[in-house]
Amino acid sequence: MPVGDPDAALVHALRAGDDEAFASLVRRYHTRLLRFAESLVPTRAVAEEVVQETWLGVVRGIHGFEGRSSVKTWLFRILVNRARSAGAHEPREVSLGSDALLEDRFGPSGAWIRPPAPWADTVDARIMADGLARRVRECLPQLPAAQREVFTLRDIEGVDAEDACQLLGISAGYQRVLLHRARSRVRAILAGEMGGD
Amino acid sequence: MLFRRRALVCQEAVELMTAYLEDALPPRDRSRLEDHLAGCPHCTEYLAQIEATVAAAGRVGPDDLAPEALDDLVALYRRWQSS
């Protein structure tokens, strides 16, 4: 298992039949799996089924988990497989045009004509981050599906780029463009809510 | 397509920012972006806002788990263990 995997001890206990370890794993991941599932499948109901199937897969597959990836990545991989079985769209790399969101903000020379309004100063950057976190979660439904998948995995769940590409079945370049667009859109939504632009 | 000998314009700088944050820019593009940022308060502000967005996303915690949901799943695990 990757060095320092915080879930390593849980997996060990799970194999030994420790149901408190299983409860810990569920508490740690269930709602995160659900949130990611919602980015993959059309409805909440299907997402809930997919996550149930995922836990079943975990319970059945725990002895086969070889520890080559982190537990988190393993859980997400089972989830993606279940989601595909439940009809989640297969990855399809479409040609993306330029970022429409920012198009009218640059002049012909490429300089800002409508630069970003500075975000309000706060006493504590950490307080600002906590307040923004709720807003970030709330704006996820406004992202196009592919952007939401990448943003959820990379920036919310902290999955690294290579694992994210593998989980989603997309190339590194495409993944980065989706992440770029997603961050651009989330920033714009947050800026709008703060009265800026 | 970036012509290697000239300075970046803002629109290009913004396009490079995700790669920059991933440490995926080749050294020349990286220093060209940093040179641009040193002289451009707008792009500097924009990058700071992107970083704040990413930081906020990283603080999105799990939602509360309903106790019944947990109980059901633990029951499932016990059934499997005993079979």
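This tour moves through a predicted model of two chains, A and B, from chain A to the interface and then to the empty spaces.

**Stop 1: chain A**

Begin by selecting chain A alone and colouring it by secondary structure. Chain A contains 8 helices and 0 strands. Followed from the N terminus, its elements read α-α-α-α-α-α-α-α. With the view aligned to the principal axes, the C-alpha trace of chain A extends over about 65 × 45 × 35 Å.

**Stop 2: the interface**

Next, display both chains and select the residues that touch across them. On the side of chain B, 38 residues are in contact with 49 residues of chain A. A surface representation is useful here: the area buried between the two chains is about 4,100 Å², and carbon and sulfur atoms give 66% of that area.

For the polar part of the interface, switch to sticks. The count between chain B and chain A is 14 residue pairs in polar contact, with both residues at pLDDT 80 or more. There are also 2 salt bridges between chain B and chain A. One of them can be shown by selecting B:Glu22 and A:Arg154, whose closest N and O atoms lie 2.9 Å apart.

Now hide chain A and keep the side of chain B that touches it. Helix 1 (10–21), helix 3 (41–58) and helix 4 (67–82) of chain B each supply at least two residues of this side. Helix 3 of chain B gives the most, with 12 residues. Coloured by residue class, the side of chain B that touches chain A shows 23 nonpolar, 8 polar and 7 charged residues.

**Stop 3: the largest pocket**

Bring chain A back and select A:Leu34, A:Arg35, A:Glu38, A:Arg44 and B:Asp63; among the 20 lining residues of the largest pocket, these lie nearest its centre. The volume of this pocket is about 360 Å³.

To see which elements form the lining, select helix 2 (19–40), helix 3 (44–61) and helix 6 (145–156) of chain A, each of which supplies at least two residues. Helix 2 of chain A gives the most to the pocket lining, with 6 residues. By class, the lining of the largest pocket divides into 8 charged, 7 nonpolar and 5 polar residues.

**Stop 4: the cavity**

Rolling a probe the size of a water molecule over the atoms shows where empty space is left. How many cavities of 30 Å³ or more does the structure hold? The structure holds 1 such cavity, and about 40 Å³ of space lies in the largest cavity.

To find the largest cavity, select A:His180, A:Arg183, A:Ser184, B:Met17, B:Thr18, B:Tyr46 and B:Ile50, which line it. Then add the helices: helix 8 (172–193) of chain A, and helix 1 and helix 3 of chain B, each supply at least two residues of this lining. Helix 8 of chain A gives the most, with 3 residues. The lining of the largest cavity has 3 nonpolar, 3 polar and 1 charged residues by class.

**Last view**

To finish, keep helix 3 of chain B on display. This helix gives the most to the side of chain B that touches chain A, and it also supplies at least two residues of the lining of the largest cavity.

Technical notes. Residues are numbered from 1 along each chain as its sequence is written. Chains are lettered from A and ligands numbered from 1 in the order in which they are written. This is a predicted model: local features need pLDDT of at least 70, side-chain atom pairs count only at pLDDT 80 or more; totals for chains, interfaces and linings use all residues. Side-chain values use heavy atoms; hydrogens and water are left out. Contact means heavy atoms within 4.5 Å. Buried area is the accessible area (1.4 Å probe) that two parts lose on being put together, summed over both. A salt bridge is a side-chain nitrogen of Lys or Arg within 4 Å of a carboxyl oxygen of Asp or Glu. A polar contact is a pair of N or O atoms within 3.5 Å; within protein, one must be able to donate a hydrogen and the other to accept it, and residues adjacent in sequence count only if both atoms are side-chain atoms. Helices (H or I, at least four residues) and strands (E, at least two) are DSSP runs, numbered from the N terminus. Ala, Val, Leu, Ile, Met, Phe, Trp, Tyr, Cys and Pro count as nonpolar, Asp, Glu, Lys and Arg as charged, and the others, Gly among them, as polar. On a 1 Å grid over the protein atoms alone, a cavity is a set of points where a 1.4 Å probe fits but cannot get out, and a pocket is an open set with protein on both sides within 12 Å along at least five of seven lines; lining residues have an atom within 4 Å of a point. Grid points are joined across faces, edges and corners, and a volume is the space filled by probe spheres set on the points.
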